[in-house]
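Biologist: Could you take me through this structure and tell me what the labels rest on?

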Amino acid sequence: MTVLAVVEHDRGTITDASLGVLTAARNLAKQMGAKFEALTIGANADALSEVISKYGATTVHQAHNAMLTDFGPEAWGESIAQVVRKTSPQVVISSGTERGHEIIAQAAARLDLPAAMNCLEFDKDFNGTQPLKVVRARWGGSLMEETEIDAPIKLVTLANHIVEGAEEPTSSTIAVFEVDLDDSVKQTFVQDRVERVAGVTLATSPVVVSGGRGVGSAEAFAPLEELAGLLNGVVGCSRAVTNNGWRNHTDQVGQTGTRIAPDIYIACGISGAIQHWVGAMASKNILAINIDAQANIVTKAGYAVIGDLHVVVPAISAEIRKRHPK
Amino acid sequence: MSEFPKSAKCVVIGAGIVGNCLVGHLAKLGWTNMVQIDKGPLPNPGGSTGHASNFIFPTDHNKEMALLTLASQKQYIEMGMNNTCGGIEVARNPERLEEFNRRMTSAKSWGIDAKLLSPAEVKELVPFINEKIVLGGFYTPSVSCVDSLQTGTLMREGAVKSGNLSVFANTEVLDLEVENGTIKAVVTNKGRIEAEYVVVACGVWSPRIAKMAGANIPLTPAVHQMADVGPIDILQKSNAEVAYPIVRDMDTFCYERQTAGSMEVGSYAHRAIFMHPDDIPSNEASALSPTELPLTQDDFDPQMEQAIELMDMLGDAEIKYAINGLLSLTPDAMPVLGETVEVKNLWSAAAVWIKEGPGIAQLVAEWMTYGYPHLCDPHSSDISRFYAHEKTEHHIYARCDEHFNKTYGIVHPREQWGTQRNMRRSPFYPREEAAGATFFDARGWERPQWFASNEKLVTKFASVCEPRPHEWDARWWSPISNAEHLQMRESVGMVDLTAFNEFDFTGPGTMNFLQHMCVNNVDVPVGRSVYTPLLTPGGGFRGDLTIMRLGAEHFRVITGAFDGGRDNYWFKRHMPQDGSVIFTDMSSALCTIGVWGPNAEKTMAKATQNINAEGKLVPFDVSQKNFPYGSVREVLIDGVPATMFRISYVGENGWEVYTKMEHGLRLWDSIAKAGEEFGIIPVGMGVYAVTGRIEKGYRLMGAELESEYNPVEAGLNRAKVKSADFIGKAAYMKARDEKPCAIMCTLEMIDNTSKAGIKRYPTGGNEPILTKTGERIVDAKGRVSRVTTAGAAPSLGKYLLLAYLTPEHAVEGNELRVMYMNELYPVRVARVGSQPLFDPTDARMKS
Amino acid sequence: MNILVCVKRVPAPGARINITSDGQQVDTAFLGFTVSPHEECAVEQAVQLIEKHGGDVTVLTLGPTEAEEQLRTAVSTGATKAVLVPIDTTDWDPQRTAQAIAKVIGELEATNGKYDLVLFGNESADSCGYQVGVRAALKLGRPIVNGAKGLDIENGVAVIRRESDAGVEIYKLKMPACVGVKEGINLPRYPTMKGRLASKKVEITQSTASGEIGGLKLITLKRPPERASNTKILGNGPEAASAVVDLLEELGVFK
């Protein structure tokens, strides 16, 4: 029996999410008494075997094809499908990210197997022979469902930020697998890129200063920009803000925006509707600045200041300038 | 956050416009140690206030509502929360133009500046309106938009700052504890809090909360649909929250109100959609808020078409926000205010809209502080007005369904309900129906207004039974009433008075108790009666009724159908709790026939017997000598035990005859048979309540008699004052020492021919009495002279009006004006004070 | 050009989603319904494309008959045709849904010709399955890329922009093609009153749903455990600034 972890990477760089996936796959394999194996796609990821071995995969399958120089959802999905056909694992697991969902969906479609995305828990009694019960996130995490995957091979993605990567080194065997890809999958490769200018993004910034309806206008975000600047962070916002046209959707934190997990999330004038909360709840610390001590976000946050953000935020900036003059 | 308190003087539940303004007013009136809670967050806990359209059209035909609205607008202005934008009601139908004349008249009464506009003038003020479909407009420059959330917040925070209030949001009421019929504590998810007073200001949730204490607040949450559409260029360019007058498209029951760059379109045209208070979703489970439910689009579609018809630009604007908003509806469309009848010190301040919120908060605060409000008489908002059948869901839904689409409707002052009829019938009903009665609804009772069987009398009295040429004046009216009136004055008539309420008080404490309640001395001999007002602590009218003394410790209070609930509550609320007085409501046990007219004595002499000292059945002597005016006797009528009470509200010799319900039909038949040879006819309430009464200048509770006025002003003060103390005595004594600044007068119309050349008959719906130059007459206490009752006086050949006038105008022969349908008619002061115009010495009643 | 947009009817919930007592569905007693947000954006994008290039936008939904409401909403914002594929429950599993949709698309194309683009939402707001579009595209034999935050037609090719941590990825698909659209690609317009009234008149074509039950079986819905938090109030108003900066220092923000 085998649990196969599909490692998400971008042109050879492994993602954080993949470390959680490797860890979760190892744990599941232990529970089942199964082998833990991993799959990298593209020769540019071969070097990742070293990282993967630290996480305990006994075999790393390296899918090779001349086409596999960049990400292509169909080629990646087809690669997974071919490896799965060959190795017949009981469980295939990848990351609960944009790419992870897409390649698992592609593989599942090609294998005509069910797939369950954003799994939070796996049945503790699963031994590989019965249907797999999982708990997965719906509604962006504001609701959960217990679902049974009834198929010989279970394809899943692991919800992000659920399992932290934990090393357990072993020595891995490398198994190169030549994938057979035809031209049909060729056109869905990335054709071109606009690289992000250096700097932090909403998704990766350790500090996010976010504003909600309470900010009141596009112009009124200036003090938030200033505070974020002082903290080397970025500005986020709630859906109400994008709906009002005050900021771009790229700044939106939430179920249909960006999910974030910064060291500190400073929520200014945000009531904390569930759609927003699910995007911010993975934050390590939350500071709410709100006029209403009873606001949802205040009751859920670790820290709060009760007051008008239009006064409080500039006061914080002033205090920072006083203590940490540049 | 402060600790959740264990006790308070007063807990106000609800932080909408009413709860917030109430704590503010209570604090101003000196209340301390108050706690306010709401299950939702602040400042918008998710009730109806949070999504209200927040505009005020002050003109209302109802005095109470008009005064409350004006008082509210004044408060919004004082707090800087009133944004005056003007408002135009537009007419699409000719009937609406007529209604605008009526609204001009009401606006005049309340001193509201208003004018009628041509379609072109409407277009000038609202350039984006399609004036081609508009026949005219009723323009009120003082119409305003208010910030009800901020107003409430200021009021609440004012109370907090004064140190008299602590506020707890996200605090849900789980139970209300009652002990010995008195509120004891509020149990919440944050803890239990003992309180001397509890106020339910929970809007659409009020019934649910009151029920926890076993009290009933009869209202239903109902949907009012609204949509916000925009952006719209011309509105954006105005660069203002509201630059254009609010338009009420009256004939489609729809309004258009600018909100910055968008237009809010609201509707009262859709089917009535109700929701049970228990079914309203929680704050958390609601997409927007508990009272902003998803729009049921199909209901709104017809309204959109009409809105686009009126303002084409709306068609291309985006529907950004559209809801089925919940608001409170009551069976009679009035608020539900006052102490609940079931639980002492548990108060209701519910079914209140933004336009009247702050005023009502002031009114309730005064009520709780002084025992009765000062702002105005809460007569038609008083929670105790409801009878048992009116508090059922059946009734609430039926009546709300009926009146919802009349929110912008044209409602006649005599308008009759179509639903919930035949709820209560007197035993005489079969005879009345056979006589072709037109029944009016009297709080569930079917009461004959006139009888088709008397139509032939219209020919007999043709000269004073002219038909009314204008449909509005003739609506819910018949010339038969005038004919019945004259026949009664000529011969004898019988009137169904079963809708009366009879309250029996017995026990050793009764005398003292009733003395405490009543102005006039009730310590009369057994078999006698007393007419008396009941006063508020401030000395205004609280009740007006008659009491018979049936035994040493047995009194029977007789009061009307429209005040039975309020009087029932008022007596019970003041009754000693030691068991020394026993209250029995006899209203459903007794039926009543009034027999009046010159032949009444002959009729009853023939019908009535009693058992003499020797135990023999003999004819009963009904002569004035043996049975004087104001006295009560037990008799037999065709074997039916009955109580005869020699009294009259129509100015004729005669009686009210009471018997048990089950004897009723036999009683009716017996009297009818006895009176046959004297020309007896059934007579409707058109005579009893209007023509007969007005000829005698008799005052009616809720019309002439209101808490704003005292017995001196109403002309009902007696020469002497009893020594016993009674509610309102101090104020009454003071009023007697002062020269009244208003006096109840009877006025006659000098000429009722309109500009169109037809005779008009004011309906008695607060039409203003004006000086000859058309100025309003306002007394020193700020009360305006207006028609309290209007009606024909067939025996005098006049059309009479009752109104309070200032002393300078209260001069017999003085000529004034009445405005009716926006036209002035000359009137003359015919009588100052209570002396009747017809039979001024009451000779007919006592001979 | 001809574009088909697959949309899903989903409830519009509040801060707390209640579950029916059998645990099988969201309690929608007092909830309104909406087009799932990603698909709402897909409709908007399609409408913008035909505004530029001409053509028709057909919206298709597989759902209860009440989903007609969402089709009409889409029409009121610019879609021109509507197809309802009624099922007698609120949801089919992803495999079955994709099979049914692909079959109906095939039938529609047999009479109307091929759609240049078939758009899906990246994932549905309620079940978040992330796979119906991919499965349907494969059955249709067309390429698909998900996560589209940009979609234009350049020289007869669909150009898709997609965000990643590293920047923006660009994909170019020859049509006919499928695209999974993400919210943020545009700000969808609201229906106008006239649009709404017109949408009432559009004829809704009905197609029959058929598909084999897949391998995912819902056992029960449940709510996530409440995250208990003892909020530490750092202060009221601007006076709290000092305490806030203390906290930021403690968390090492200035290192």
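Modeller: Here is a short chat about confidence, one sheet and one contact.

Modeller: This is a predicted model, where local features need pLDDT of at least 70, side-chain atom pairs count only at pLDDT 80 or more, and totals for chains, interfaces and linings use all residues. Residues are numbered from 1 along each chain as its sequence is written, while chains are lettered from A and ligands numbered from 1 in the order in which they are written.

Biologist: How do you know how confident the predictor is in chain C?

Modeller: Look at pLDDT, the predictor's confidence in each residue, from 0 to 100. Chain C has a mean of 93, and 99% of its residues reach 70 or more. For the complex, the predictor gives an ipTM of 0.92 and a pTM of 0.89.

Biologist: Why do strand 36 and strand 39 of chain B count as paired?

Modeller: Strands are DSSP runs of E, at least two residues, and helices are runs of H or I, at least four, numbered from the N terminus. Two strands pair if DSSP finds at least two bridges between them. Strand 36 (743–749) and strand 39 (798–805) of chain B have six, so they pair, in the antiparallel sense. One bridge partner is Leu802(B), for Thr746(B).

Biologist: What makes strands 37 and 38 of chain B edge strands?

Modeller: The open, antiparallel sheet in chain B runs 37-40-41-36-39-38. Strand 37 (769–770) and strand 38 (787–793) each pair on one side only.

Biologist: What makes a residue part of the contact between chains B and C?

Modeller: Its C-beta atom, placed from the backbone, must lie within 7 Å of a partner's. Chain B gives 19 residues and chain C gives 18. Helix 8 of chain B supplies the largest share of chain B's side, four residues.

Key
Two residues are in contact if their C-beta atoms, placed from the backbone, lie within 7 Å.
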